[in-house]
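Work through the exercises below with the sequence and the structure open. Each task is followed by a solution in steps.

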Amino acid sequence: MPHPSLAHASDLLFRITLALYAMAMLAYVAELAFARRGLIRSREAVPAAVAVPEERALVGAGAPVGGGPLPPAPVDRSAGPSSSRRLTFGLLAVGLVGAGWLVHAAEVITRGIGVMRVPWGNMYEFSSAICLVVVGAFVVLNVQRRATNLGVFVMVPVVLYLGLAGTVLYARAEPLQPVLNSYWLVIHVAAAIIATGTLMLSGVVSSVHLGRRRYERLVTAGKAPGFSALTRMLPDARTLDRVEYRIIAFGFPIWTFAVIAGAIWAEAAWGHYWQWDPKETWALISWIVYAAYLHARSTPGLRKWAAHISSLAFATMIFNYYVVNLLIVGKHSYAGVKVASALSALH
Amino acid sequence: MTETTERPDPTDTAARAALTTKPVDVRRSTPARSPLQHVRSGWRRLTSMRTALQLLFLLALGAVPGSILPQHGQQDALVTTFINTHWYGPLFDRLSLFDVFAAPWFAAIYLLLFVSLIGCLMPRIRLHFRAMRTPPPAPPRHFAKLPRSTTWQADTTPAATLDIVGKALRRKGWRVLVRDEGLSAERGYLRETGNLIFHISLVLLLAGVAMGGLFGYKGEIIRTPGVGWANLLGQYDEQSTGRAFRQSELAPFSVTFDSFKAVYLPTGEPKTYDAYVTYTTHPGATPQKYDIRENHPLVIGGSWFTGGTKVYLGGHGYAPHLRITDPQGNVVSDDDDVFLPTETTNYLSEGYVKVTNIADKKQWFAIHGVFTPTKAKGVQGQIISGFPAANDPELLVNALSGDPSAPSVYDVPAGMQQLLGADKSTTAGLRVGDSWKLANGYTVTFTGITQFANFQITDDPGKELALVAAILIVVGLILSLRVRRRRFWVRARLQDGGRTVIEAGGLARTDPEQFAEEFAALVERLRPLTGATGPIVEE
């Protein structure tokens, strides 16, 4: 029997998670703001003639950094109140993310117990589970010390994504439709969630990677970095490229497995393993574009396009998740979502 | 502690390039002169990575219209509407945009991609076999140029040192070759093996898909309880067969549909659907019972590798039972009549009963019915259904006179005349047991309700091959992304003081950070084995 009280508790935990993540996001923004101020102050302190070469050395353009650790972010060298405030906000953000993630995990688990099934039966639940993976993978990156200053770029999309889930996509705790009632739901959807979560994180990394590369190019050329200055605090483009590759190399086989598990389930449920259902088609499109990324990255002449390709692959994932799930009629359509019927009623 | 020197990451150096058997990216070859050279340069361009990537993108792009536009075979009615309502509809149709995945241009893209893939694979397979039989290359002259290198001193002789190191490395799974000038070790061949397995399996997958398309078949059949069918193509309401399919390959089974059960939640959401059947695998076999439900098809025949024929529950609906008697009281129709659902949430259904077994063709007529399992009123006062189960069923009937034969069982031709009831009524709302007398003297009685089921029968002899290929794809992919190929060299020479100087160096093509850790750990392990006595920092 389902437990409505647990499902209620889960809804409450969802709101707490969202609040904690939102606060973490703000703390990251504050951290970045103080870091920038610190940087500006430190640059004012040194003569302009010295500042430019220093910047060049830091971005590592021209001089390869090798496999060693990153040069520390410029601000760490500038002592002063903004630096310590930055540290405070940074620690606060990490703490909020950690606490948020634990509450988030509790939310997903209570939802599962509340409905007596795996907690990924509708889009609200998928979104929540995917974010759990994104934030979890981000925490792992932090532990591995590969995510220096990535926080704000990860938490903004996470908060947006969860916010959409809690409002537009929200669905009451209900049992599953008969067609979903299979152990393949556990396997296929779990794999899809893990793969989507990690690939989404890689999408964030590849986007900032592109920004950072632009920043490095402009700064090396002695031009104003413009918007790309947002990536000033990030690790250099080389490192971001490596992080991006690692996440995709982890997520891509899982995505492959998810598509195959989906095909096996389709064979058991609908009679054929591949029917060119819109969702299947887009899963394949994302797969193809990620495959193109891996090929481009391992080919010297094409490597410069790799980050563009993985950003495109990420865009196809997002398209598949929102547009195909909600607007295109297929076997993966989510009847539990009001927006679909509302939008189709508009037509 | 060991002093490990770090050097610039030589991504583009020859040493690193030597670790890959990948064909060089051909951008633009020199202008070809003879036809043979033309063919060669064309082939080189087709099998280049650049072309492969372009084809990959074309394939992804080509699939997009297939997911956005309605497709033949999935939404035929929508396709027709689209062609008729958009001025560019016929143009799209001519470009096969409503049948993308069977379109010649789509096939051209993936076939070219696979030709490019095979062309790329052949030399790689050859090179990989050669690489696996080739011993690791001799140590480079200057270890200092390698991404990782270190030096230490020991008291063992150079030969003994190399022997000890070789044994230790072999035990850890390295391939080792000891030469006069030093020791070479290499591991991680599985990376390329996995890579090749992945790409070969893609070709196998395509073969499996093609086999299914050539030798498989699909059929669809609607049955009411008590009725069955034998597995013959003529029996099916709809069917599609592969190009190389032969009727004699059909499994000789037969199925009788016994009953259907649907369970709904109080909200109207479906919980379970079960179609109970009795089947025999071949004529004369013992009949067996089976419950066909979602994710639980009936499987007939097949072996460990061939899946056999599967019977799925594809859909269901209501079949009101109507008895029609002529003015003399003779029964002219007494059947469960399949009514197709007009919506599948609450199963408001519609259907016809055609009376054509009367000698005088002018007397022919049809009964049109709208069936609501749970009667409710719509916003405009029309009859709708409020719940999918038959809690408060009603059948709303009217009658039409004329020849109702065409166009299908579920439709009547236009231009039939209205046939009134004996009491001049145009329609009648019937509950189970009610009758309606028509002006022509016939009587319609609603005697009961059953539910029909729509069965889908599929046989795809290529799907097991496709499954094996899919598993190999995942295995190959994991190997090619997880395993790292790396080389390790050790050189030992006698110093003037009678001690041995040991140099070690290594490189990995991918993931230099992780290799740095591995290299450090390896050196840390080897140093005590060789009886090390402190590091030397080299200039």
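The exercises deal with strands, cysteines and salt bridges in this predicted model.

**Exercise 1.** Find the strands that pair with strand 24 of chain B, and state the sense of each pairing.

Solution. Start with strand 4 (residues 182-187) of chain B, which is antiparallel to strand 24 of chain B and shares five bridges with it. Within this pairing, Ser184(B) has Trp489(B) as its bridge partner. Next take strand 25 (residues 500-508) of chain B, which pairs with strand 24 of chain B over nine bridges, again in the antiparallel sense. Here Leu494(B) stands opposite Thr500(B). Strands 24 and 25 of chain B form a hairpin with five residues between the strands, and in this hairpin Gly498(B) takes a positive phi near 90°. Finally, consider burial: seven of the nine residues of strand 24 (residues 486-494) of chain B are buried, so this strand is largely enclosed by the rest of the structure.

**Exercise 2.** Give the strand order of the open four-stranded sheet in chain B and identify its edge strands.

Solution. The order is 6-8-9-10, with antiparallel pairing. Strand 6 (228-230) and strand 10 (288-293) of chain B each pair on one side only, which makes them the edge strands. From one strand to the next, the twist averages 30°. At the strand 6 edge, three bridges lead to strand 8 (residues 254-264) of chain B, and Gly228(B) stands opposite Thr256(B).

**Exercise 3.** State how many disulfides the structure holds, then classify Cys131(A) and Cys120(B) as buried or exposed.

Solution. The count of disulfides over all chains is zero. For burial, the cut-off is under 20% relative accessible area. Cys131(A) has 1% and is therefore buried. Cys120(B), at 18%, also counts as buried.

**Exercise 4.** Compare the setting of three salt bridges: Glu216(A) with Arg212(A), Arg124(B) with Glu192(B), and Lys167(B) with Asp163(B).

Solution. Over all chains there are 22 salt bridges. In the pair Glu216(A) and Arg212(A), the closest N and O atoms are 2.9 Å apart. Both residues lie in helix 6 (residues 183-220) of chain A, four residues apart, and both are buried. For Arg124(B) and Glu192(B), the closest N and O atoms are 3.1 Å apart. Arg124(B) is in helix 6 of chain B and Glu192(B) in helix 8 of chain B, so this pair ties together parts that are 68 residues apart in sequence. Arg124(B) is buried at 7% relative accessibility, and Glu192(B) is buried at 8%. For Lys167(B) and Asp163(B), the N to O distance is 3.6 Å. About one helical turn separates them in helix 7 (residues 158-171) of chain B, and Asp163(B) is partly exposed at 43%.

Methods
Residues are numbered from 1 along each chain as its sequence is written. Chains are lettered from A and ligands numbered from 1 in the order in which they are written. This is a predicted model: local features need pLDDT of at least 70, side-chain atom pairs count only at pLDDT 80 or more; totals for chains, interfaces and linings use all residues. Side-chain values use heavy atoms; hydrogens and water are left out. Buried means under 20% relative accessible area, exposed over 50%, partly exposed in between (1.4 Å probe, protein chains only). Helices (H or I, at least four residues) and strands (E, at least two) are DSSP runs, numbered from the N terminus. Two strands pair if DSSP finds at least two bridges between them. Axes are lines fitted to C-alpha atoms, for helices over the stretch in contact, and angles run from 0 to 180 degrees between N-to-C directions. A disulfide is a pair of cysteine sulfur atoms within 2.5 Å. A salt bridge is a side-chain nitrogen of Lys or Arg within 4 Å of a carboxyl oxygen of Asp or Glu.
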